[in-house]
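Reader: I am new to this structure and should be grateful for a close look at a single part of it. Please choose one helix and set it within its surroundings.

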Amino acid sequence: MKKARWILGVVLTVLAAFASVAVTQPGAAKAGDQSASVEVKIDNFSFGPASLTVAAGTTVTWTNNDDVPHTVVSDDKVFKSKALDTDDKFSYTFTKPGTYNYFCSVHPKMTAKVVVR
Amino acid sequence: MQHNVGDFKGDLSFVQISDSHIGFNKAANPDVTATLREAIAKVNALPTPPSFVLHTGDLTHLSKTEEFDTLAESLKSLKTERIFYVPGEHDVLDDNGEMFRERFGKGAMGDGWQSFDHNGIHFVGLVNVMNLKAGGLGSLGSEQLEWLEKDVSALKSSTPVVLFAHIPLWAVYPQWGWGTDDSEQALSYLKRFGSVTVLNGHIHQTMQKVEGNVTFHTACSTAFPQPQPGQADSPGPMKVPDDKLRQLLGITDVNFVRGTHSLAIVDSTLA
């Protein structure tokens, strides 16, 4: 019995470890987890992923990998970054569910969205 | 349309330079100030000194004070009476173009648009890099369009008109944003004119199209080349072998001979 309880303990510890890894994986944020964060890359004049679904409370961080400046601006101006030079980052924490369409105000052909559940 | 530099001794000579991108320092050209200075030397060596110079935008890469400083300081050595500027999208980052207008748009209206007459030619500088809409192209906006309509309404149809703006006023390659959403509206005000020349930058390569009475032309950058439409994953700066760079940068010399239908546009590269 003692041994079985020990094994159960190990299994639970491992499961807990998996669970904590899972919430830090991009796109796998759970509702109510305030520390979740997701990355969006700006490469070759496009946002990747172009469509991202996250839980409320998730912080999204954009990184510009291009040789030219870009911005991250939501269509209804909920969030608006300054011009991001190469390797610059911009973060925004989404607290309210909804669909947030955004674009680069320097190169407006660059459009993408974040869906917050 | 193409002639060698020096072939023309017309009634008016002016030069267009574009896309200096002062502050850019990546692989495509680590020293854009040096190539701007070479472009200036090229202008200063022209057989007919230009009456004035048009800079069609992207003076800087990041709209920074020190970048505008370097640009202004470099252009002091340009042998010409005056320089007219329109902003590129890189000149209006974060401050809606306030610093640009304060330093390079004195006397201009609205977001920096302006017009003037020289040797019987009417010049109009337009701004199509402000208030861009998601999914859209360059934009002039209704206020500027109204101003343009009024600005040209009193001119005789025989007056040659030159429009200059940063983003092309024709659909060069909309997939890369190389066009202006409301440019057709602007050009509709110019239908009655016998000679209309449109000078743009933005695409860092020369391109020309003639449509009826309108000649469209884009100039080289003085900083770095960009790929031909659709020939790369994106329109970003194009790295070429070092010995090829100066063959893809340059200036545009424009000459007008009274009595001829259109202006003679001569592109010359730095090497």
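The answer below begins with one helix and then moves outward.

Author: Some conventions come first. Residues are numbered from 1 along each chain as its sequence is written, while chains are lettered from A and ligands numbered from 1 in the order in which they are written. The model is predicted, and local features therefore need pLDDT of at least 70, side-chain atom pairs count only at pLDDT 80 or more, and totals for chains, interfaces and linings use all residues.

The chosen part is helix H2 of chain B, residues 65–75. Helices (H or I, at least four residues) and strands (E, at least two) are DSSP runs, numbered from the N terminus. Glu67(B), Phe68(B), Leu71(B) and Leu75(B) of this helix are buried. They lie on the same side of H2(B), because they cover an arc of only 100° around the axis; the arc is that of the directions from the helix axis to the C-beta atoms. A residue is buried if 20 or more other C-beta atoms lie within 10 Å of its own, exposed if 12 or fewer, and partly exposed in between, with C-beta atoms placed from the backbone. Thr65(B), Glu66(B) and Glu73(B), on the other side of H2(B), are exposed.

The partners of the buried side are helix H1 (32–44), strand E3 (83–85) and helix H3 (98–104) of chain B, against which the buried residues of H2(B) pack. Contact is a matter of distance: two residues are in contact if their C-beta atoms, placed from the backbone, lie within 7 Å.

One of these partners, H1(B), has 13 residues and reaches 18 Å from its first C-alpha to its last, close to the 18 Å expected at 1.5 Å a residue. The expected span is 1.5 Å times one less than the number of residues in the helix. Val32(B), Thr33(B), Thr35(B), Leu36(B), Ala39(B), Ile40(B), Lys42(B) and Val43(B) are buried in H1(B). Their cover includes strand E1 (12–17), strand E2 (53–55), H2, strand E10 (250–256) and strand E11 (264–269) of chain B.

Elsewhere in chain B, strand E9 (residues 214–218) is mostly covered, with five of its five residues buried. Val214(B), Phe216(B) and Thr218(B) point one way from E9(B), and Thr215(B) and His217(B) the other way. E9(B) pairs with strand E7 (residues 196–200) of chain B in the parallel sense over five bridges, and Leu199(B) stands opposite His217(B). Strand E8 (residues 207–211) of chain B pairs with E9(B) in the antiparallel sense, also over five bridges, with Val210(B) opposite Thr215(B). Two strands pair if DSSP finds at least two bridges between them. Two residues separate E8(B) and E9(B) in their hairpin, and Gly212(B) in the turn has a positive phi of about 60°.

These elements belong to a chain whose secondary structure comes to six helices and eleven strands. Buried residues make up 50% of the 271 residues in chain B. The C-alpha trace spans about 50 × 45 × 35 Å along its principal axes. The radius of gyration of chain B is 17 Å, which agrees with the value near 18 Å for a compact globule of 271 residues; the radius is taken over C-alpha atoms, and the globule rule is 2.2 Å times the number of residues to the power 0.38. Among contacts in chain B with a separation of 6 or more, 70% involve residues 24 or more positions apart.

Beyond chain B lies its neighbour: 18 residues of chain A are in contact with 18 residues of chain B. On the side of chain A that touches chain B, seven of the residues are nonpolar, five polar and six charged. Ala, Val, Leu, Ile, Met, Phe, Trp, Tyr, Cys and Pro count as nonpolar, Asp, Glu, Lys and Arg as charged, and the others, Gly among them, as polar.

Chain A has a hairpin as well, formed by E1(A) and E2(A) with two residues between them. Three bridges join these antiparallel strands, and Asp43(A) stands opposite Ser46(A). Phi is positive, near 50°, at Asn44(A) and near 60° at Phe45(A). A cis peptide bond, with omega about 0°, joins Gly48(A) and Pro49(A). Most residues other than glycine have a negative phi, and most peptide bonds are trans.
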